[in-house]
Each structure stands twice: as structure tokens, then as C-alpha cells.
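User: Hey, I'm new to this one. Can you walk me through it?
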Amino acid sequence: MAAIVEELISIRPKPSDGWNVERIRKDFPVLRQTVNGKPLVYLDNAASSQVPVMVIERGAQYIEQEHSNIHRGVHYLSMRATTAYEGAREKVKRFINARDVKECIFVRGATEGVNLVMHGYGRKFIGEGDEIIISALEHHANIVPWQMLCEERGAKLRVIPMNDAGELLMDEYQALLNERTKFVAVTHVSNALGSVVPVRDVIESAHKYGAPVLIDGAQWAPHARIDVQDLDCDFYTFSGHKIFAPTGSGVVYGKADLLEKMNPFQGGGDMIKSVTFEKTIYADLPNKFEAGTPAIASQIGLGAAIDYLNIIGREKAAAYEHQLLSYATERISALEGVRIIGTAREKLGVLSFTIDGVHPHDIGTILDQQGIAVRAGHHCAQPVMKRFNLPATARASFAFYNTTEEIDQLINAIEKVIEVFV
Ligand code: 7TS
């Protein structure tokens with residue numbers, strides 16, 4: 001383990017270096033396989049990114065040597081597990097620049113993060129006639145919970161519209177804000193189009209009306225720095241499995257004063273100070289929001305994934321990913337009959353496209369035959385598809401271990417699709 005960290009540190013790109021993608025790829029065992037007789041080209045990173053060996057080994061170490069429950073035992077293993085789990089929380093705190101570890105709640109992923117805020121804050125503070133603003137770019141995870149709340153409480157869901165490029169119409173947002181606005185929940189980056197949302201402006205404007213803001217950072221976290229204090233967001237959530245950690249890990253950040261006055265999300269063990277049949281006193285933050293045994297191995301893995309990102313250098317990775325997206329955009333734009341869906345000026349990580357006369361699922365299937373993994377479908381963002389009058393798109397999404405050669409292979413495979421179908 002220590003040897004791997006040392007080795008990684010020794011290859012850490014220096015400001016003068018290029019991005020050593022071949023070296024980085026060696027950290028990801030899953031990339032070494034063939035699919036349908038072709039080397040795997042993994043371009044479905046927006047769904048789940050791959051896990052480096054350093055993270056795999058940390059998870060395995062917990063299972064092999066530390067497997068036990070946290071916060072409970074006075075015995076050696078439990079103390080080790082607790083230290084590792086709380087150590088991961090400390091890493092998360094630094095990763096997002098939270099003021100305190102108690103503001104970092106471990107959840108299964110962004111979906112659970114949004115649901116925690118809806119139940120804990122929404123059900124306590126939002127009522128009849130109140131308004132919740134979301135955006136036209138949202139993943140279902142940041143639509144459905146708010147709809148459920150509106151239905152239950154008689155509140156109203158308002159939606160910031162977008163233009164044909166997939167950019168939110170910020171003037172329309174300003175017009176939606178009023179004294180009835182009690183909550184704003186928007187994505188940081190669209191998972192279907194890649195558009196970056198100007199969340200700083202969203203937050204600043206909402207705060208003028210006293211409305212707290214939740215940012216869904218599921219698609220931002222893998223690519224760029226998060227600073228919750230600088231953003232001044234009230235809540236921020238992301239999934240571990242999209243930032244090179246195992247499934248079942250994730251975080252919702254909340255400002256301590258809001259988390260303190262919210263309802264707990266679930267009731268059970270580990271979230272209490274005392275229980276009698278008459279009354280339960282809840283535990284302090286963050287335990288108040290972490291009922292039951294969490295995904296200990298996965299959250300420790302998330303801590304290791306954060307270490308990994310720090311070691312390889314996030315800025316360098318981001319700059320490289322930016323080059324990949326530009327290169328892919330350029331090459332795909334040049335293909336006749338291929339249309340890029342989502343042409344916002346500021347984009348991250350995601351390239352959605354359609355081919356005239358070909359259903360996106362057929363694109364996905366033919367690409368898979370070439371060993372290329374993309375997602376084809378509505379991307380859990382049906383309102384985005386509806387806005388573009390499409391049932392679905394094909395979507396290539398990138399990580400810092402992808403290469404320009406892989407993009408060339410994608411282009412060749414798309415040309416094959418056109419040959420077969422058009
Ligand atoms: N929010 C956004 C913006 C997302 O992209 C996703 C998952 C979620 C929330 C939900 O995350 P989860 O980890 O709780 O499932 N997006 C995708 C995707 O684009 N393809 O598969 C999952």
C-alpha cells in the first residue's frame with residue numbers, strides 16, 4: 001500500500017510535464033480487459049467511473065484486516081475501522097473545504113443526498129403555497145424527491161428553462177424568485193448535456209430571498225474542485241462511484257446550523273444519544289444523519305479515492321479532460337448526419353449525440369460490439385430529452401484515463417454505424 005502511494009507520488013505530474021496517461025491507465029485494472037475481442041474503451045464515466053488499485057486495496061484491507069462495526073466496540077478491530085471511517089470523513093472535509101467534519105454526512109450517493117435534504121429540511125420547513133425552484137437540466141434524482149414533497153405539502157415546483165444550447169436562462173430564474181421561494185435545488189453540471197450551471201449566481205440570487213440552495217455535484221465532483229465555503233451553498237451532494245470510489249459511497253454536505261435544525265433522515269442505531277419509549281434524543285452531527293451500519297468499506301474507499309486524486313493532481317487531470325472533450329467535440333462535429341446535443345459554452349465531461357435515422361440504442365449496441373462502452377438512453381433526464389424532442393441520445397463521457405486514440409476508435413465505430421444504418 002505505502003509502496004503504491006510512494007510510486008504514485010514519484011510519478012506525480014510536475015507543472016512542466018504532459019499528462020502521462022499511459023502511466024495513469026496502469027492504476028486501473030479494469031481497463032486491461034478485452035470486450036467482444038477488442039480492447040475495452042470505457043466512455044461511460046458519467047454513469048460510474050473506474051476504481052484505481054490504490055482504492056481497491058484500501059477497501060480490501062478493511063475487509064481482510066479491519067472488518068467490524070464502527071462507533072460501537074471498544075475492541076481493537078472496531079477502533080481501527082472507526083478510525084479509518086472517520087479518517088475518510090476528514091478527507092472529504094478537505095476535499096470540499098467544509099468548515100467542519102460534522103458538516104459532511106456519508107450517504108449512498110447523490111440520490112440519497114437529495115432525499116436526505118428533502119426529508120430533513122423540506123418536510124420540516126416547506127409547506128402549502130411555498131415554491132421550490134429546480135432547473136430544466138436536472139437528473140431525476142433532483143426532480144422526483146421535490147415533486148414528492150410538493151405533492152405531500154401542497155408546495156409548487158418551478159423550473160428554470162434552458163435555451164437550445166442547453167444553458168439555463170438566468171433572467172428567467174431571476175423572474176421565478178420571489179418571497180414564496182423556500183428552496184432552490186440545481187445541478188452543477190448536466191449529466192445529459194454536460195452544461196455547467198453558473199451555480200454561484202444561482203446561490204447568490206436565492207440567498208437574497210432567504211432560500212437555501214442544494215447543489216447536485218454528481219457530475220462536477222469527478223472533474224473540478226469543490227469549495228463549499230467559497231460557493232456559499234447550503235447543501236452539496238455527490239456520489240463516490242463517479243469519483244473513482246466504490247458504489248455505496250457518497251456525501252451530502254450541509255451548513256451546520258441548517259443540519260442542526262433539520263429532522264433526521266432515518267431513525268435507528270448510531271443516530272441517537274438516548275432512547276426511551278417516551279422520547280429519543282438524537283445524536284450530534286454528523287451521526288444524527290447516519291442511522292444503522294453504513295457502507296464502511298465503500299466510504300473508506302472514497303477517502304482513498306480522494307487521496308488518489310490529490311496524488312495525481314486534480315488541475316492537471318482537469319486540463320487533460322478538457323483537451324479530450326474538445327478533441328472529441330471537434331471530431332464528432334465533423335461527421336455528417338451526427339448531431340451533438342448540448343452545445344453550452346461551458347461544458348464538462350459529457351458528449352451527447354444522435355445520428356440521423358439511427359436509434360441511440362442501436363448506436364450503443366454497435367459500439368459495444370467494438371468494445372466501446374457508452375450510455376444510450378434518456379440518462380435519467382427525461383425532461384431534458386423532451387426539451388430537445390428526442391427519446392434518447394448516445395453519450396460518451398470522459399475521465400482522465402481516456403486517450404485520444406480511444407476517441408479515434410469511437411469515431412471509427414460511429415462511422416461504421418452510419419455505414420450499416422444510413
Ligand atoms: N445527479 C446527477 C447529475 C447524476 O448524473 C446522477 C447519476 C445522480 C444525480 C444520481 O447519482 P446516484 O449515484 O445516486 O445514482 N447519473 C447517472 C448517469 O448519468 N448515468 O448513470 C447515472
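Analyst: Sure. One thing to know up front: domain bounds here come from an automatic or database domain assignment. Also, this is a predicted model.

User: Okay, so what is the protein divided into?
Analyst: There's domain 1, covering 2–51 + 313–421, and domain 2, covering 58–310. Their contact takes 42 residues from domain 1 and 37 residues from domain 2.

User: And what separation do the centres of domain 1 and domain 2 have?
Analyst: Taken over C-alpha atoms, the centres of domain 1 and domain 2 are 27 Å apart.

User: Switching to the ligand. Where does the ligand sit?
Analyst: In the largest pocket. Both domain 1 and domain 2 give residues to the shell around the ligand, so the ligand lies between them.

User: Which residues come nearest to the ligand?
Analyst: There are 17 residues around the ligand, and T111, D216, H241, R375 and R395 come nearest.

User: What's the mix in that shell, nonpolar, polar and charged?
Analyst: The shell around the ligand has 5 nonpolar, 8 polar and 4 charged residues.

User: Let's get down to atoms. What lies 2.5 Å from a nitrogen atom of the ligand?
Analyst: That's a polar side-chain atom of D216. For oxygen atoms of the ligand, a polar side-chain atom of T111 lies 2.6 Å from one, and a polar side-chain atom of N191 lies 2.8 Å from one.

User: How much of the ligand does the protein bury?
Analyst: The ligand exposes 480 Å² taken alone, and the protein buries 87% of that.

How values were computed. Residues are numbered from 1 along each chain as its sequence is written. This is a predicted model: local features need pLDDT of at least 70, side-chain atom pairs count only at pLDDT 80 or more; totals for chains, interfaces and linings use all residues. Side-chain values use heavy atoms; hydrogens and water are left out. A residue is near a molecule or strand if one of its heavy atoms lies within 4 Å of it. A polar contact is a pair of N or O atoms within 3.5 Å; within protein, one must be able to donate a hydrogen and the other to accept it, and residues adjacent in sequence count only if both atoms are side-chain atoms. Accessible areas come from the Shrake-Rupley method with a 1.4 Å probe; for residues, only the protein chains shown count as cover. On a 1 Å grid over the protein atoms alone, a cavity is a set of points where a 1.4 Å probe fits but cannot get out, and a pocket is an open set with protein on both sides within 12 Å along at least five of seven lines; lining residues have an atom within 4 Å of a point. A molecule sits in a cavity or pocket if more than half of its atoms lie within 2 Å of its grid points. Ala, Val, Leu, Ile, Met, Phe, Trp, Tyr, Cys and Pro count as nonpolar, Asp, Glu, Lys and Arg as charged, and the others, Gly among them, as polar. Contact means heavy atoms within 4.5 Å.
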